[in-house]
Amino acid sequence: MKKYLFNINKQLFVFFGIILFSTKAYTQNNRLILEPCMEPFYHGVASGDPLADRVIIWTRITPTINQTGSILVNWKIALDTGMQNIINNGSLFTNSTVDYTVKVDVTNLQPNTYYYYEFESDGKHSVRGRTKTAPNTNNDSARFAIVSCANFEAGFFNVYKNIVQRNDIDAVICLGDYIYEYETGGYSPNTTANRTWEPANEIISIADYRMRYSVYHLDEDLRKCHQQYPFIVIWDDHESANDAWLNGAENHTNGTEGNWLTRKNAAKQAYFEWLPIRQANGNDPYQIFRHIQYGNLLDLIMLDTRLHGRDVQAGTTGTTVNSTTRQLLGTDQFTWLGNRLDSSNCQWKILAQQVMMAPLKILGTAINDDQWDGYPAERNRVFNHIISNNINNVVVLTGDIHSSWANDLPLSGYNGTTGANSAGVEFVTPSVTSPGITIPGGATAIQLSNSHIKYADLNQHGFILLTVTSQKTQADWYYVNTIDFSTAVATSTKSYYVNNNERFLRNSTIAMQASSTITNTLQAPPCPRPNTVTSIYSQGQNVILSIYPNPAISEIYFQYSILQSGNAIFSVYDINGKSIQINLSEYVSDGIHIGKIDVSQLSAGMYLLVIENGNSKTEKKFIKQ
Ligand SMILES: [Fe+2]
């Protein structure tokens, strides 16, 4: 971090501190770029939480210089890629209170149907997205890609790239760690991939979280994955801070990093702004536990084991851990889960949640107090509910630990050979990029002392392809061969499944194929890019993506894109175009960057932030309170 004290305006004699975080040069291969033809919808489009009659569609608009208030955005949804057969359309305003994100819950849709959608504002169009509603009756099958743990700095999102190419899934289910909160270089940076996120600091404030999401949505592979499929998402810890629980987190220090509740609320708000998740109706609009039904075939029961009701981690042995009042879900969520399991008319009850539910012991001792092993009473309550209410076909989906597992969920008297006395099964998806652990023979040793663990791989990156049919639910683990450079290759090496009305896993030597058992129309064409470039800036330009806060009090914090490396000049003008503060000239590499300017000495009013670099000049208005 460097600090500059610069120019004195002749009339105002005002000093300004300008701080620019140091930035690493991106190479041509891995820098983040804004695609000019996507202006002002640089972050693409997304959809999520599909129901039989509705789906969330999403985008984010980057305001132009003159757009300081609300911005009108039109949307439409159609049955065809050419957007001729329009089914529904509308318009709404967005503004700075939601970071200029746009979210619409599109209703009156038909079940089990592909739709195409796009946004328009001021004559400019977004790329078209594709989405798909859930079925509402008997359906032979459904297929999902299960992902978690995408550390941008750890490598390329080849998992998302491969999923885009598959073109045979109904939705992507993200079990959390969609982003990470660490500072640049703070968690497993990959010097070969050389991908650097912004902000460079650990993200704590609402502006920090928003700008980190902005960087993620500019990743081409993730952006295209959103464009292609609906996402069904829950957060884990790193959407707020490492090992978060209800009233704190391992990676949060009250005081120096502010108040936890403030930070947690900022993290939740940014999550709901930037991801296509449906806002809840109850007291807490940012509640993520909810259910999404695919006809009578499956009920996706999405849980929050992280921020809603979790007691603090406290080891895996001792009186505190074994207390019967200890909670992971919280009372209201546990009651909701029980009711959902009891009342669901679906064949499969699929619990999509964050941390591993099956016990994991080494030499008889549980090793991770952040997973259900640290909350044994809550796990017993869930298992007891499943067994005492005779609930069949429970499948648990898990992320969090950057490794792959296939587990039975053992009750007392569990038999590892026959699978008798298992409550259900669990599939744990590997990470997109975050590092696992490499222990030679480690997976084998774990399996030898945990007979309910049928498969473990501790360090590969990939995803689970989950195929649900009336006969069985199967997980195929797909692994990418590298995250050091961009490639779409992923291969399946392991498959486990559970039969209808059985409660234990069986091994399969064959991954599920898009075959006659898959009766959905899965080959709808990927959505096209608009073929008309409507932007006057089609040759490319520097762009200020955001200014926070706006109105500003003491400093502005802004994210901007530089098209060509070179010296850039950062200035503040008054609304009459009079330069009142210039001129930090700083070498800036091409890519996305963040800057700060102290505006505490400015009198109240409207100002312009201006960035000049090469032949490109970009500016954006902000208000000083
Ligand atoms: Fe993670």
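**Notebook: strands, sheets and domains in a predicted model**

I began with the pairing of strand S25 (residues 462–469) and strand S26 (residues 472–480), which run antiparallel and are joined by seven bridges. Within this pair I looked up Ile464 and found that Trp477 in S26 stands opposite. I then turned to what lies against the sheet here, and noted that helix H1 (residues 158–166) packs on the sheet, where H1 touches strand S11 (141–147), strand S12 (171–174), S25, S26 and strand S27 (490–499). The direction of H1 makes about 125 degrees with that of S26. I keep in mind throughout that this is a predicted model.

Next I traced the whole sheet to which these strands belong. The sheet is open, has ten strands and mixed pairing, and follows the order S7-S4-S3-S13-S12-S11-S25-S26-S27-S28. At its edges I found strand S7 (101–106) and strand S28 (506–508), each of which pairs on one side only. On average, and with direction ignored, neighbouring strands of this sheet are turned by 30 degrees against each other.

I went on to another open sheet, of seven strands, in which the order is S16-S17-S18-S21-S23-S22-S24 and the pairing is again mixed. Why do strand S16 (290–294) and strand S24 (453–457) each have one side without a neighbour in the sheet? I wrote down that both stand at the edges and have a single partner strand each, so one side of each is left free of a neighbour in the sheet. From one strand to the next, the twist averages 20 degrees. Inside this sheet I followed strand S22 (residues 404–410) and strand S23 (residues 422–428), which pair in the antiparallel sense over five bridges; here Trp405 stands opposite Val428 in S23.

For the protein as a whole, I noted a secondary structure of eight helices and 35 strands. I also checked the overall dimensions: the C-alpha trace spans about 85 × 60 × 45 Å along its principal axes. The radius of gyration is 25 Å, which agrees with the value near 25 Å that a compact globule of 625 residues would have.

I then looked up the domain assignment, which gives domain 1 (2–34 + 540–624), domain 2 (39–131) and domain 3 (138–508). The centres of domain 1 and domain 3, taken over C-alpha atoms, are separated by 39 Å. Their contact takes 14 residues from domain 1 and 13 residues from domain 3. Which strands supply at least two residues each to the side of domain 1 that touches domain 3? I listed strand S29 (543–548), strand S30 (555–562) and strand S33 (591–598). By class, that side of domain 1 has eight nonpolar, five polar and one charged residues.

Some backbone details went into the notes as well. The peptide bond from Glu198 to Pro199 is cis, with omega near -10 degrees, and Pro199 is found in the loop between S12 and helix H2 (206–217). I looked in that loop again for Asp177, which also lies between S12 and H2; the phi of Asp177 is near 55 degrees, a positive value in a residue other than glycine. A cis peptide bond also joins Asn550 and Pro551, with omega about 10 degrees, and I placed Pro551 in the loop between S29 and S30.

I closed with the confidence of the prediction. The mean pLDDT of the protein is 89, and 91% of the residues reach 70 or more. Over residues 1–29 the pLDDT is below 50, and I noted that this stretch has 53 contacts in the model beyond near neighbours in sequence. The pLDDT is also below 50 over residues 515–524, a stretch with 15 contacts in the model beyond near neighbours in sequence.

Notes:
Residues numbered from 1 in each chain as written. Predicted model: local features only at pLDDT ≥ 70, side-chain atom pairs only at ≥ 80, totals over all residues. Pairing = 2+ DSSP bridges. Helix = DSSP H or I, 4+ residues; strand = E, 2+ residues; numbered from the N terminus. Axes fitted to C-alpha atoms, helices over the stretch in contact; angles between N-to-C directions. pLDDT = per-residue confidence, 0-100. Contact = placed C-beta atoms within 7 Å. Domains from an automatic or database assignment. Nonpolar A, V, L, I, M, F, W, Y, C, P; charged D, E, K, R; others polar. Rg over C-alpha atoms; globule rule 2.2 N^0.38 Å.
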